[in-house]
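User: I am new to this structure and would like to understand the terms used to describe it. Please take me through the reasoning behind each one.

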2 protein chains.
Amino acid sequence: MSIDSATQNWSTAERKIMEATYRAMLEYGYSGLSISRIADQFDKSKASIYYHYDSKDDLLLAFLDFVVDRFKTDFAEGVDEDPNSALTTVIEKLVPLRMNDEEFQGQRVLIELRSQATRNDAFREKFTEINELLVRTICEIIERGIENGTFRDVEAARVAEHIVATVNGSTIDRVTTDRETAPAAVRISLVSYIDSELRSHR
Amino acid sequence: MSIDSATQNWSTAERKIMEATYRAMLEYGYSGLSISRIADQFDKSKASIYYHYDSKDDLLLAFLDFVVDRFKTDFAEGVDEDPNSALTTVIEKLVPLRMNDEEFQGQRVLIELRSQATRNDAFREKFTEINELLVRTICEIIERGIENGTFRDVEAARVAEHIVATVNGSTIDRVTTDRETAPAAVRISLVSYIDSELRSHR
DNA sequence: GTCTATAGCCAGATAGAC
DNA sequence: GTCTATCTGGCTATAGAC
């Protein structure tokens, strides 16, 4: 899937509403979101929001697309490098030693939306897509590396699933606990796992 | 920390309210929880809830304790076996090949509560506790195994962090996506990682 | 301890002017 | 497209009887 096909054409007004929703979500969380609070985050009235979206649910589905598209676009960078660099790039992006504030806020929003996937099918499908994209992308990098002799001949799909689970677990830990040293420990351990599983020459 | 010290003394009425909250949470989710809906889940009126709890926030904090205590009690089983069995027991419990419905619903509730930890300090502290407990417990199992010669002499804390991140990532995947084969793949890969990291004799 | 009734507030959504 | 004004209903929380 290309970036273009995943990205909707947002009108200016709609993009402004999405940005306002993002700010309201950061300030009040999913359970504290309201149309009034979204309207307070930009220069239009709340009635104008109903011109662009039929209902709050409709707006939330669009917002889910908006946030997930951003994540996918960001993730797609650097995956076309040679297998070794691509894998390093991906790991560094998904488990940074130190996450900047913008990424951190984005992950806060994502985890709140993800928790809705337990009850809402449209949300569930989106997060299924995200995890499939992560696994498929990493799997393809590993397969390319096996083909050109960079990596050992492992079960690429199994290793990719392991990496994605570890990466996701680390991210959740980062945004829902105060365990500040944990992400770096996982990063080191994950790189060491990848080295011994894919790059060792025994 | 013993199970007793972690478990509060819930009165009968309070336990009934907690059970009702649990059912309401399953049906409506965190953002759909209301005092009326909780009252509808048992045989008392909503005013009676305010006799036992000062406010909705107060009730939610008690509910967080209730759910987390259950999780901790459940997790504590089997960790006192010999290191090899204890590690296997823990992994099988945290990444079951097939999760039964009760466990699954419990994890759904936990992830919704966990997502609140991004905005609420009391919630954040609880989930910090949970992850610390998981890491510490697994770390101690590994250290016991190293001492008695069952396991190789690895950095126990680092391996424990890796295992916990992978386990948590797998659980989130299970409750927020439709990727039904993913948990089993992670389980196999995780066991293989543990074997080669701790149990190999090269 | 539990009830019914209700106060007061804010939500989602719509009407109709411009 | 955006506004102000407003409807309806559910929410948290309390009052006061039993």
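User: What makes the pair formed by the side chain of Tyr50(B) and a phosphate oxygen of DNA strand D a polar contact?

Analyst: The model is a predicted one. In it, an N or O atom in the side chain of Tyr50(B) lies 3.2 Å from a phosphate oxygen of DNA strand D. A polar contact requires a pair of N or O atoms within 3.5 Å, so this pair of Tyr50(B) and DNA strand D qualifies.

User: Which polar contacts does chain A make with a phosphate oxygen of DNA strand D?

Analyst: Ser45(A) places a polar backbone atom 2.3 Å from a phosphate oxygen of this strand. His52(A) uses a polar side-chain atom instead, at 2.8 Å from a phosphate oxygen of DNA strand D.

User: How do you know which residues are near DNA strand D, and how many surround it?

Analyst: A residue is near the strand if one of its heavy atoms lies within 4 Å of it. DNA strand D is surrounded by 16 residues, and the closest are Ser45(A), His52(A), Lys46(B), Tyr50(B) and Lys56(B). By class, this surface has 6 nonpolar, 6 polar and 4 charged residues.

User: Which elements supply the surface near DNA strand D, and which gives the most?

Analyst: At least two residues each come from H4 of chain A and from helix H3 (35-40) and H4 of chain B. H4(A) gives the most, with 4 residues.

User: Which part of DNA strand D do the atoms within 4 Å of the protein belong to?

Analyst: Of those atoms, 63% belong to sugar or phosphate, and the rest belong to bases.

User: What surrounds DNA strand C, and how do the residues there divide by class?

Analyst: DNA strand C is surrounded by 16 residues, of which the closest are Ile35(A), Tyr50(A), Lys56(A), Ser45(B) and His52(B). The residues of the surface near DNA strand C divide into 6 nonpolar, 6 polar and 4 charged. Of the atoms of DNA strand C within 4 Å of the protein, 64% belong to sugar or phosphate and the rest to bases.

User: How do you know that Ile35(A), Lys56(A) and His52(B) make polar contacts with DNA strand C?

Analyst: A backbone N or O atom of Ile35(A) lies 2.8 Å from a phosphate oxygen of the strand. For Lys56(A), a polar backbone atom is 2.7 Å from a phosphate oxygen of DNA strand C. For His52(B), an N or O atom of the side chain is 2.9 Å from a phosphate oxygen of DNA strand C. The cut-off for such a pair is 3.5 Å. Two or more residues of the surface near DNA strand C come from each of helix H3 (35-40) and helix H4 (46-52) of chain A and helix H4 (46-52) of chain B. The largest share, 4 residues, comes from H4(B).

User: Why are the two copies, chain A and chain B, said to be related as by a two-fold rotation axis?

Analyst: A turn of 180 degrees, with a shift of 0.0 Å along the axis, lays chain A on chain B with an RMSD of 0.0 Å. The two copies are therefore related as by a two-fold rotation axis. The same surface serves both copies, as 100% of the contact residues of chain A recur in chain B.

User: Why are H9(A) and H10(A) called roughly antiparallel?

Analyst: The axes of helix H9 (residues 156-176) and helix H10 (residues 182-199) of chain A come within 10 Å and cross at roughly 170 degrees. Angles over 145 degrees count as roughly antiparallel, and H9(A) and H10(A) are therefore given that name. Among the residues that meet are Val159(A), Ile163(A) and Val167(A) in H9(A), and Val186(A), Leu190(A) and Ile194(A) in H10(A). By class, this contact has 9 nonpolar, 3 polar and 4 charged residues.

User: What makes up chain A?

Analyst: Chain A has 10 helices and 0 strands. Its C-alpha atoms fill a box of roughly 65 × 40 × 30 Å along the principal axes.

Technical notes:
Residues numbered from 1 in each chain as written. Chains lettered and ligands numbered in written order. Predicted model: local features only at pLDDT ≥ 70, side-chain atom pairs only at ≥ 80, totals over all residues. Heavy atoms only, no water. Least-squares fit on C-alpha atoms with pLDDT ≥ 70 in both. Contact = heavy atoms within 4.5 Å. Axes fitted to C-alpha atoms, helices over the stretch in contact; angles between N-to-C directions. Parallel < 35°, antiparallel > 145°, perpendicular 65-115°, else oblique. Nonpolar A, V, L, I, M, F, W, Y, C, P; charged D, E, K, R; others polar. Polar contact = N/O pair within 3.5 Å; in protein donor to acceptor, adjacent residues only side chain to side chain.
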